[in-house]
Amino acid sequence: MLLRTADFRRRARARLPRFVFDYVDGGAEDEACLARNRQALDELRLVPHVMRDTREVDLSVEVFGRRWSMPAGIAPVGFAGLVRPAGDVLLAKAAAAQGVPFVLSTASNARLEAVRAAAPQAVQWMQLYVMGDRSIAEQIVRRAREARFDALVLTVDVAVSGMRERDMRNGFRLPFRPGLRTAIDLAAHPAWSIAAALAGTPGFANLVEAPSTPASPQVQAALLARAMDRGLTWESLAWLRRLWDGPLLVKGVLGPGDAAAAVAHGADGLVVSNHGGRQLDVVPAAISALPGVIDAVRGRIPVFVDSGFRRGSDVAKALALGATAAFMGRLPIWGLAAGGQAGVEQALALVKAEFERTLILLGVPHADALAHGGLVFDERRTGAADE
Ligand SMILES: Cc1cc2nc3c(=O)[nH]c(=O)nc-3n(C[C@H](O)[C@H](O)[C@H](O)COP(=O)(O)O)c2cc1C
């Protein structure tokens, strides 16, 4: 039974070859940050209010003029087409069905126009990686604008790739040359292998303007190896501003100083994130970094958070600390592996049901009111942190 998100992970593990499961599941170096994201969320406590009227519940929030059915969405995940053919499209459709936003990765395997058109009613944001050749980013932004994406999300925590030992051990790099171990792995997962063989090798479809001329293998390998432009600075936001007039978010901020700099340089939103523990292993859990960022931003722009979110109560914790919404990376991908679009929808519905139950039990039945609920209890002190 799929009762908790761990069940989705187990299903995904059974269905996916080891090198694909590890690509999704793994973190950097000792995977300490990966674990810390969970620990910090688990250690945070919320103190409920009792004897409150909770007959009417409203999970929805408004973000940049659009209403989301709950304050959670799907974070950008590259290579979703490896998990399941057309994975990006299935994720976007599931997001539409559940009324939550979907962030499409630069490293998607479907072209951004196709994903946008497959779920026109969904809130869709385009995530941007800026590689050495900036003309690649420029054409992506132009196309995202023409395809009417709702926001642009610049990811800034990948100046180089984190050291992901699982991927190294599994030989997961382009050009992909499966060894004996991978061949056995593929044979042990026939459903995945047959579907993958029929669909063909997924490529990075967004790197070139014209669909008829795929990007060179070198450029594709550079994206998988996350070879980004290390000359990107806060001043670069002005360059993007000239190309993009909609909401512009910066993803991967952890420090209050950086949060203040992002506001000063005109960002419209922030995503507090450590990339799900896949980049620098020694950074704080995203939920631990959130209060400092909220203080620095002082309500001027919305602050989002991701990394480690698995439950509706995790989302409630983020909102109680002042976030506008939380994003999830791995959970929807496990849903995708487990059951395609229906699996993603089921995973999102589970989080929604948990979030609703949490709001009722907290005595704060409106998502919007969580930040003012005085709910956060810090065990290291002796009382409630707020109120
Ligand atoms: C397999 C995988 C691929 C990812 N690819 C991208 C990406 O292309 N762009 C990006 O900004 N973040 C990417 N991320 C990071 C997610 O957007 C998000 O920050 C992270 O997954 C949140 O942590 P969670 O998986 O614990 O929810 C990726 C994460 C995973 C697990």
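Here is a walk through some helix pairs, two hollow spaces and two unusual backbone angles in a predicted model.

A little housekeeping comes before the tour. Because this is a predicted model, local features need pLDDT of at least 70 and side-chain atom pairs count only at pLDDT 80 or more, while totals for chains, interfaces and linings use all residues. Residues are numbered from 1 along each chain as its sequence is written, and side-chain values use heavy atoms, with hydrogens and water left out.

Let's start with helices. The names used here come from DSSP runs, numbered from the N terminus: helices are H or I runs of at least four residues, and strands are E runs of at least two. Two packed helices are described by the angle between their axes and the distance between the axes. Each axis is a line fitted to C-alpha atoms, for helices over the stretch in contact, and the angles run from 0 to 180 degrees between N-to-C directions.

Take α2 (18–25) and α16 (330–362). Their axes sit 10 Å apart, at an angle of about 155°, and that makes α2 roughly antiparallel to α16. (Under 35 degrees counts as roughly parallel, over 145 as roughly antiparallel, 65 to 115 as roughly perpendicular, and the rest as oblique.) On the α2 side, Phe21, Val24 and Asp25 make the contact, and on the α16 side Arg330, Ile333 and Trp334 do; contact here means heavy atoms within 4.5 Å. Sorted by class, that gives four nonpolar, no polar and two charged residues. For the classes, Ala, Val, Leu, Ile, Met, Phe, Trp, Tyr, Cys and Pro are nonpolar, Asp, Glu, Lys and Arg are charged, and the others, Gly among them, are polar.

Helix α16 also packs with α15 (residues 312–320), where the axes come within 7 Å and cross at roughly 55°. These two helices are therefore oblique to each other, and the crossing is right-handed (the near helix is turned clockwise from the far one by less than a right angle; anticlockwise would be left-handed). Gly312, Ser313, Val315 and Ala316 of α15 touch Val351, Glu354, Phe355, Thr358 and Leu362 of α16.

Further along the tour, α7 (residues 134–146) packs with α12 (residues 236–243) at about 40°, with the axes 10 Å apart. That makes α7 oblique to α12, and their crossing is right-handed. Arg134, Ala137, Glu138, Val141 and Arg145 in α7 meet Ser236, Trp239, Leu240 and Leu243 in α12, a set with five nonpolar, one polar and three charged residues.

Now for the empty space. On a 1 Å grid over the protein atoms alone, a cavity is a set of points where a 1.4 Å probe fits but cannot get out, while a pocket is an open set with protein on both sides within 12 Å along at least five of seven lines; lining residues have an atom within 4 Å of a point. Grid points are joined across faces, edges and corners, and a volume is the space filled by probe spheres set on the points.

The structure holds three cavities of 30 Å³ or more, and the largest contains about 450 Å³. It is lined by 30 residues, with Pro76, Val77, Gly78, His275 and Arg278 nearest its centre. The lining has 15 nonpolar, eight polar and seven charged residues. The second largest pocket holds about 440 Å³, and its lining has 16 nonpolar, four polar and one charged residues. Phe79, Leu174, Phe176, Thr201 and Pro202 are nearest the centre of that pocket.

Finally, look at the backbone. Most residues other than glycine have a negative phi. His275 has a positive phi, near 65°, and is placed in the loop between β9 (269–272) and α14 (286–297). Glu31 has a positive phi of about 60°, in the loop between α2 and α3 (32–43).
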